[in-house]
Amino acid sequence: MATKQIIMVAGATGLIGTELMKLVLEERAIDHIYALTRSTLPFSHPKLQTIVDSQLRILEWDDAHPVPDKGFICLGTTRKVAGSKHALEAVDYHLVCEVANTMKLIGIKNLCVVSSVGANPRSPSHYLRCKGKMEVALEKMHFDSVTFVRPGPLVGMRDTPRTDEAIVQSLLKIARPIMLGRLARLIPIPAELVAKSMLYYSFTTHPRPVQIFDSIDMKELIKKYQN
């Protein structure tokens, strides 16, 4: 990370977004951070600039502003939190696509996005179908590179705990000894690790314009950087 970087983060207050912000604020190779948020962040930092809009739009952009090199999108919800299938799709598909398009318009060339294990536009699961449709739509935007991280169930402290997540994590903890091979992708993964992976992947030169990494890939990457 020899060259100073300028980045933009959307979803900075979510579980993964919060962990990512902690990392990028301390990363010396990152010189300036735009945080695209719905409300003002509860903290400030010399290299942090917030762009506040209830719909995560950028209504004005001064061409004198330094253009971000990389964009990170950490947006997502569940049907229970959103209240309906339609409301979930509005966030996990439409909003993510709109934010990605906005990033593309201001000049961001490299994107890293939180998706989900099992994402597939033809999945019988509405949630996974929305994630899959989102991935397909972002691929068609033709960024220089787009990286999708597909974590399994997340481990971490949310401002508003999700009971369903806690139940799933408890069940998977019991089943963990038999979760081998591809099933290992479903083992709960710390949000901090996902955020670290996003940061590491974003500074790695990829052989293909579209990259997809699951929890197994992320854990292997972390081990590589720690060795």
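The dialogue below reads selected features of a predicted model.

Q: Where does one start with the sheet, and in what order do its strands lie?
A: Start from the strand order and the sense of pairing. Here 7 strands form an open sheet in the order β3-β2-β1-β4-β5-β6-β9, and the pairing is parallel. The edges are β3 (48–52) and β9 (210–214), each of which pairs on one side only. Neighbouring strands are turned by 15° against each other on average, direction ignored.

Q: How many bridges join β1 to β2, and which residue of β2 is the bridge partner of valine 9?
A: The two strands run parallel and are joined by 6 bridges. The bridge partner of valine 9 in β2 is alanine 35.

Q: What stands opposite valine 9 in β4?
A: Phenylalanine 72 of β4 stands opposite valine 9. β1 and β4 pair in the parallel sense over 4 bridges. The register can be followed one strand further: phenylalanine 72 has cysteine 112 as its bridge partner in β5, and β4 and β5 also pair in the parallel sense, over 4 bridges.

Q: How should the two faces of a strand be read, and which residues of β4 lie on each side?
A: In a regular strand the side chains alternate between the two faces of the sheet. In β4, Lys70 and Phe72 lie on one side and Gly71 and Ile73 on the other. These residues are all buried, and both faces of β4 are covered.

Q: Which strands does α1 lie across, and which does α7 touch?
A: For a helix on a sheet, list the strands it meets and then give its direction. α1 lies across β1, β2, β3, β4 and β5, and runs at about 155° to β2. α7 packs on the sheet by touching β6 and β9, and its direction makes about 90° with that of β9.

Q: At what angle do α6 and α7 pack?
A: The angle is about 70°, with the axes 9 Å apart. Angles of 65 to 115 degrees count as roughly perpendicular, so α6 and α7 are roughly perpendicular to each other. On the α6 side the contact includes Leu193, Val194, Tyr200 and Tyr201. On the α7 side it includes Met218, Leu221, Ile222 and Tyr225.

Q: How many residues are in the largest nonpolar core, and which element gives the most to it?
A: In soluble globular proteins, nonpolar side chains tend to be buried together. The largest nonpolar core of this model has 32 residues, and Ile16, Met21, Ile33 and Met198 have the most contacts inside it. At least two residues each come from β1 (5–10), α1 (15–26), β2 (30–37), β5 (110–114), α6 (191–202) and α7 (215–226). α6 gives the most, with 7 residues. A second, separate core has 31 residues, among them Tyr34, Ala100, Cys130 and Val146.

Q: What is isoleucine 33 in contact with, leaving aside neighbours within four places in sequence?
A: Its contacts are Ile7, Val9, Met21, Val24, Leu25, Lys47, Leu48 and Gln49. One of these, Met21, is also listed with Ile33 among the residues with the most contacts inside the largest core.

Q: Is aspartate 92 buried or exposed, and what does it touch?
A: For a residue of this kind, check accessibility first and polar partners next. Aspartate 92, in helix α3 (residues 85–106), is buried because its relative accessible area is 0%, where buried means under 20%. Beyond four places in sequence, aspartate 92 touches Gly76, Thr77, Tyr127, Cys130, Lys131 and Met134. A polar atom of its side chain lies 2.9 Å from the backbone nitrogen of threonine 77.

Q: Where is threonine 78 found, and why does it count as buried?
A: Threonine 78 is in the loop between β4 (70–73) and α2 (79–82). It counts as buried because its relative accessibility is 15%. Its side chain reaches the backbone nitrogen of valine 81 at 3.1 Å.

Q: Where is methionine 141, and which residues is it in contact with?
A: Methionine 141 is in the loop between α4 (126–139) and β6 (145–150). At 19% relative accessibility, methionine 141 counts as buried. Apart from neighbours within four places in sequence, methionine 141 is in contact with Cys97, Ala100, Asn101 and Lys104. The C-alpha atoms of methionine 141 and lysine 104 are separated by 7.9 Å, with the residues 37 apart along the chain.

Methods. Residues are numbered from 1 along each chain as its sequence is written. This is a predicted model: local features need pLDDT of at least 70, side-chain atom pairs count only at pLDDT 80 or more; totals for chains, interfaces and linings use all residues. Side-chain values use heavy atoms; hydrogens and water are left out. Buried means under 20% relative accessible area, exposed over 50%, partly exposed in between (1.4 Å probe, protein chains only). A polar contact is a pair of N or O atoms within 3.5 Å; within protein, one must be able to donate a hydrogen and the other to accept it, and residues adjacent in sequence count only if both atoms are side-chain atoms. A nonpolar core is a set of buried Ala, Val, Leu, Ile, Met, Phe, Trp, Tyr and Cys residues joined through side-chain atoms within 4.5 Å. Contact means heavy atoms within 4.5 Å. Two strands pair if DSSP finds at least two bridges between them. Axes are lines fitted to C-alpha atoms, for helices over the stretch in contact, and angles run from 0 to 180 degrees between N-to-C directions. Angles under 35 degrees count as roughly parallel, over 145 as roughly antiparallel, 65 to 115 as roughly perpendicular and the rest as oblique.
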